[in-house]
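Student: I should like to understand how the terms used for a protein structure are justified. May we go through them one by one?

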Amino acid sequence: MSDLILAFKKSISWILVLVSMIGSAFTGTIDAISDKIEMVENYVFSLDLGFSLGQGIATDGEYFYGFGAIKPISYNGLCKIDADTGRIVDRNEMCIPLELMKKGYCHLGDGCYLDGKLYVACEDRKFKAPAILIYDAETLDYLDYMLIPEEVKGDGHLPWCTISDGILYFTPFDDVTQIFMLDVADDLSCLGALPLNQTLQHVQGGDVYEGILYLTSDDGKREKPIYTVDLADGDTQLYCMRKMGNKFSEAEGMTVYPFADGTLFHFVDVTLSVHIRSYKVIEDVVEDILQQAA
């Protein structure tokens, strides 16, 4: 890590502690406010530790992988977190290589895990050439990058990406009217776009599970929406809302993965701390109760 980042983190550490102490008095209830999901686990990281996971999350079922960025100082980091304990076991801070930083790349977004690699959305400072950066999930070392095709780069904002069945899906941040699809095996050649039946705002992350694309949005204050998109026809619906504790909270990236404890949805949220919050579907909760009563 560069001396600049060390100095930056040291200089603000006490401020972050003070902010967290003051802000804790204003933190409200955090939960789902529908009959869809219930929070089971909430791993909490101080802001200085959360620098390397405050933008997004992926998992291989054993570890969570966090993606973080602080654009004003061109800080970008990856971290590897034990999914059972919430303990950070490895980091790669200043993870964008110098040759890409010289090209203006400065902000990681949300990403995904696939076959031992991490694919992470990345924006350049002038929003001219959004790209997917690829890292080794075992070591967190940088491997390669691929450019988003010119014909679908839009305004250059690339907040998230995910891969399912060889297709990389992504959207811009605002005025989202379609899901873009790229062929991972063919250097991200364009496969077209799936039109949505409504326009979404502030989309921060997404992941595919059983043919459905789930999207998390920061559109709101104390309550943040989760949407579903049917990849067969683009039908887009509000799945549920989540309470975030306070109006200063930001919903970041997400991943969908069924863990043994019944949790399925896993979100990164930034409040006065950085959180990994895991939820199970409430139908599973009801089934557990009925089984215990039998």
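**Reasoning from value to term**

Tutor: In this predicted model, the charged end of Lys 80 sits over the ring of Tyr 63, 4.6 Å from the ring centre.

Student: What makes Arg 242 another charge over a ring, that of Phe 267?

Tutor: Arg 242 lies over the face of Phe 267, and its distance to the ring centre is 4.0 Å. The limit is 6 Å, so the distance of 4.0 Å satisfies that part of the rule. Phe 267 also belongs to a cluster that ring pairs build from Tyr 214, Tyr 239, Phe 265, Phe 267 and Tyr 279.

Student: Why is the aromatic pair of Phe 64 and Phe 259 called tilted?

Tutor: The structure holds 13 aromatic pairs. In the pair of Phe 64 and Phe 259, the centres are 5.7 Å apart and the planes make an angle of 45°. Centres within 6.5 Å make a pair, and 45° is neither under 30 degrees nor over 60, so the pair is tilted.

Student: What does this pair tie together?

Tutor: Phe 64 lies in strand β3 and Phe 259 in the loop between β18 and β19, so the pair ties together parts that are 195 residues apart in sequence.

Student: How do you know whether Phe 64 and Phe 259 are buried or exposed?

Tutor: Phe 64 has a relative accessibility of 2%, and Phe 259 has a relative accessible area of 17%. Buried means under 20%, so Phe 64 counts as buried, and so does Phe 259.

Student: Why are β11 and β12 said to pair?

Tutor: Four bridges join β11 and β12 in the antiparallel sense; at least two are required, so the strands pair.

Note on methods. Residues are numbered from 1 along each chain as its sequence is written. This is a predicted model: local features need pLDDT of at least 70, side-chain atom pairs count only at pLDDT 80 or more; totals for chains, interfaces and linings use all residues. Side-chain values use heavy atoms; hydrogens and water are left out. Rings of Phe, Tyr and Trp (its six-membered ring) pair if their centres lie within 6.5 Å; planes under 30 degrees apart count as stacked, over 60 as edge-to-face and the rest as tilted. Buried means under 20% relative accessible area, exposed over 50%, partly exposed in between (1.4 Å probe, protein chains only). A charge sits over a ring if NZ of Lys or CZ of Arg is within 6 Å of the ring centre and within 35 degrees of the ring normal.
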